[in-house]
Amino acid sequence: MWCLVELLVFLAFLQAPHFAWVSGHQQQQKKNDDDEALAAAAQVLELTDTGFEAALNQYDYLLVDFYAPWCQHCKTLAPELDVAAPLLADDSKPVIVAKINADKYRNVAEKYDISFFPTMKLFTNGYPTDQYQGPHHAHALVSYARRLTAPAIQVFQSKSALHKFIESMVSSSELPLFVGFELEVSNLQRFAHKFRSKAWFAAVVGEYSEKAMADFSFSKIPALVVLHGQQYEEIQDVFYGPFQGHDFEDFVKQNLLMLVTPLNADNLNIFKEDGRPNVVAVLENDTTPKSKALIEKMKAAAPANRAFVFSYVVASEWPKFVRPFKLGKKPKLPTIVIWDDNYYSKSSNAEAFTGDIVESELSKLLQDFKDKRLKQEKLQAPSFYEKAMENNASFLQFVGMLVVMSITIWTKNRAKRSSQVNTNPEENNPIAQPDGEDAGADKED
């Protein structure tokens with residue numbers, strides 16, 4: 001009996017290194033597979049039409065860029081995706097960044113209603129959200145994706161917990177943050193879902209000390225505070241109620257944008273969707289004391305003029321946007337126009353927005369617009385050339401493609417005609433004669 005036990009122990013001893021080796025090998029292989037998966041996730045995946053459906057099934061969250069190779073805006077977006085991909089892949093809820101040539105795989109583009117390039121959509125468990133309409137840079141994309149994968153509303157038990165959340169958002173705080181202090185979470189819940197892709201929502205319960213009130217600039221509770229800026233350092237506005245009805249929703253909608261927002265091609269749709277007249281400061285640049293002073297005056301005027309949205313644009317950086325306002329070849333800058341749909345109004349005083357009179361002139365301009373005392377002019381339509389050159393690279397590629405197609409068709413037709421002449425010489429030569437006969441002779445029966 002003991003011999004049998006000893007034999008079994010001996011055999012087990014011999015097998016132990018093998019089992020250990022197999023186990024270690026499997027663990028190492030799993031680690032290698034995980035590392036490869038992590039490395040792949042940190043890069044932008046290039047999808048095909050068949051691979052697209054497979055990726056939707058494989059990943060819980062997939063941020064997809066529908067692009068076309070000839071689109072200049074797509075080429076500008078590409079390096080931003082490269083920056084965003086590893087940041088999102090490293091999140092607790094990883095978001096995989098991918099792209100697909102929607103011009104080539106048109107069946108995919110049609111399935112998801114892609115009508116222009118680039119279009120970005122976040123897919124959650126295979127289902128698409130509304131298309132992304134924010135700025136096309138990495139931090140904005142990261143903020144957007146993190147917002148849609150996070151809970152609709154964050155609830156904190158203290159101000160310190162809120163601060164930790166804000167610190168975690170430093171690198172991607174493109175969206176405003178609405179913080180309710182001693183505000184019923186249910187009151188914020190509806191707006192948190194409705195404006196989920198456009199803002200963060202948080203509720204602080206259990207702590208509203210005098211220090212917290214001073215830090216967040218509110219004087220009583222309940223209160224809803226709006227924060228903007230790179231580290232949410234700008235307290236934009238405070239709302240004290242009522243926390244039901246249209247006033248509450250209007251406050252949220254009116255604070256989705258900063259008090260004065262830099263206007264560019266990436267966020268233009270946000271202004272169009274807002275619907276309010278846009279008070280646009282047209283600047284020579286945004287770094288001079290004169291320009292900064294005007295922006296600060298606009299910020300001061302914005303809270304009392306919620307019927308408007310305020311922005312600024314540097315004329316030399318976006319001449320295509322400025323041109324329809326007919327400011328002239330050498331406009332006196334800075335100046336302000338009020339843009340409302342397809343019409344605009346402007347001050348008749350070219351010197352109105354410099355020096356000590358800025359505040360009074362801005363107030364007068366806004367009041368005159370409200371009272372309909374300002375002349376409304378129709379935006380100048382772009383010329384055919386401007387439309388054609390809107391995307392210069394695309395236009396040149398299109399022209400090049402037409403030239404190549406024309407040359408190809410002309411060459412094929414010429415070759416075809418030449419082939420017909422060579423294969424039927426008698427039909428194509430009016431003086432050719434049949435062998436041994438006169439041209440006009442009839443054959444005898």
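**Close-up views of the predicted model**

**View A. Ser-217 sits in the loop that runs between helix H8 and strand E9.** This view, like the others, comes from a predicted model. Start with the backbone here: Ser-217 is not a glycine, yet its phi is positive, at about 60°. Its relative accessibility is 45%, so Ser-217 counts as partly exposed, since that class lies between the 20% limit for buried and the 50% limit for exposed. The loop between H8 (210–215) and E9 (223–228) also holds Pro-222. The peptide bond that joins Ile-221 to Pro-222 is cis, with omega about -5°.

**View B. Strand E9 is mostly covered, with six of its six residues buried.** Which residues are buried on each side of E9? Ala-223, Val-225 and Leu-227 are on one side, while Leu-224, Val-226 and His-228 are on the other. Both faces of the strand are therefore covered, as buried here means under 20% relative accessible area.

**View C. Strand E9 pairs with strand E7 and with strand E10.** Five bridges link E9 to E7 (residues 177–181), and the two strands pair in the antiparallel sense. To find your place in this pairing, look for Val-179, which stands opposite Val-225 in E9. The pairing of E9 with E10 (residues 234–239) is antiparallel as well, over five bridges. Here Leu-224 has Phe-239 of E10 as its bridge partner. The hairpin of E9 and E10 has five residues between the strands, and in this hairpin Gly-229 takes a positive phi near 105°. As a reminder, strands of a sheet pair through backbone hydrogen bonds, either parallel or antiparallel.

**View D. Helix H2 has three named residues that are buried: Phe-52, Ala-55 and Leu-56.** Looking down the axis of H2, you will find its buried residues within an arc of 100°, so they line one face of the helix. An α-helix has 3.6 residues a turn, so residues three or four places apart point the same way. Turn to the face of H2 directed away from the buried side and you meet the exposed residues Thr-50, Asn-57 and Gln-58. What do the buried residues of H2 pack against? Their partners are strands E1 (45–47), E2 (61–67), E3 (96–101) and E4 (119–124), together with helix H4 (106–111).

**View E. A cis peptide bond runs from Phe-117 to Pro-118.** Its omega is near -10°. Pro-118 belongs to the loop between H4 and E4, and both of these elements are among the packing partners of the buried residues of H2.

**View F. Six strands make up an open sheet with mixed pairing.** Follow the strands in the order E11-E13-E12-E14-E15-E16. E11 (261–262) and E16 (377–378) are the edge strands, each pairing on one side only. E11 runs parallel to E13 (residues 309–314), and two bridges join them. Within this pair, Thr-261 has Ser-311 of E13 as its bridge partner.

**View G. Helix H11 lies across strands E12, E13 and E14.** H11 covers residues 289–301 and runs at about 170° to E12 (278–283). Helix H13 (residues 358–370) also packs on the sheet, where it touches E12, E13, E14 and E15 (343–346). The direction of H13 makes about 25° with that of E14.

**View H. Lys-326 is found in the loop between helix H12 and strand E14.** Although Lys-326 is not a glycine, it has a positive phi, about 50°. Is the residue buried or exposed? Lys-326 is partly exposed, as its relative accessible area is 37%.

**View I. The second largest pocket holds about 790 Å³ of space.** How many residues line it? The lining has 30 residues, and Gly-134, Pro-135, Glu-174, Leu-175 and Ile-270 lie nearest the centre of the pocket. Helix H5 (138–149), strand E11 and helix H10 (268–274) each supply at least two residues of this lining. H5 gives the most, with three residues.

**View J. The whole protein has 16 helices and 16 strands.** Stepping back from the close-ups, 38% of its 445 residues count as buried. Among contacts between residues at least 6 apart in sequence, 69% join residues at least 24 apart.

Definitions and conventions:
Residues are numbered from 1 along each chain as its sequence is written. This is a predicted model: local features need pLDDT of at least 70, side-chain atom pairs count only at pLDDT 80 or more; totals for chains, interfaces and linings use all residues. Side-chain values use heavy atoms; hydrogens and water are left out. Buried means under 20% relative accessible area, exposed over 50%, partly exposed in between (1.4 Å probe, protein chains only). Helices (H or I, at least four residues) and strands (E, at least two) are DSSP runs, numbered from the N terminus. The arc is that of the directions from the helix axis to the C-beta atoms. Contact means heavy atoms within 4.5 Å. Two strands pair if DSSP finds at least two bridges between them. Axes are lines fitted to C-alpha atoms, for helices over the stretch in contact, and angles run from 0 to 180 degrees between N-to-C directions. On a 1 Å grid over the protein atoms alone, a cavity is a set of points where a 1.4 Å probe fits but cannot get out, and a pocket is an open set with protein on both sides within 12 Å along at least five of seven lines; lining residues have an atom within 4 Å of a point. Grid points are joined across faces, edges and corners, and a volume is the space filled by probe spheres set on the points.
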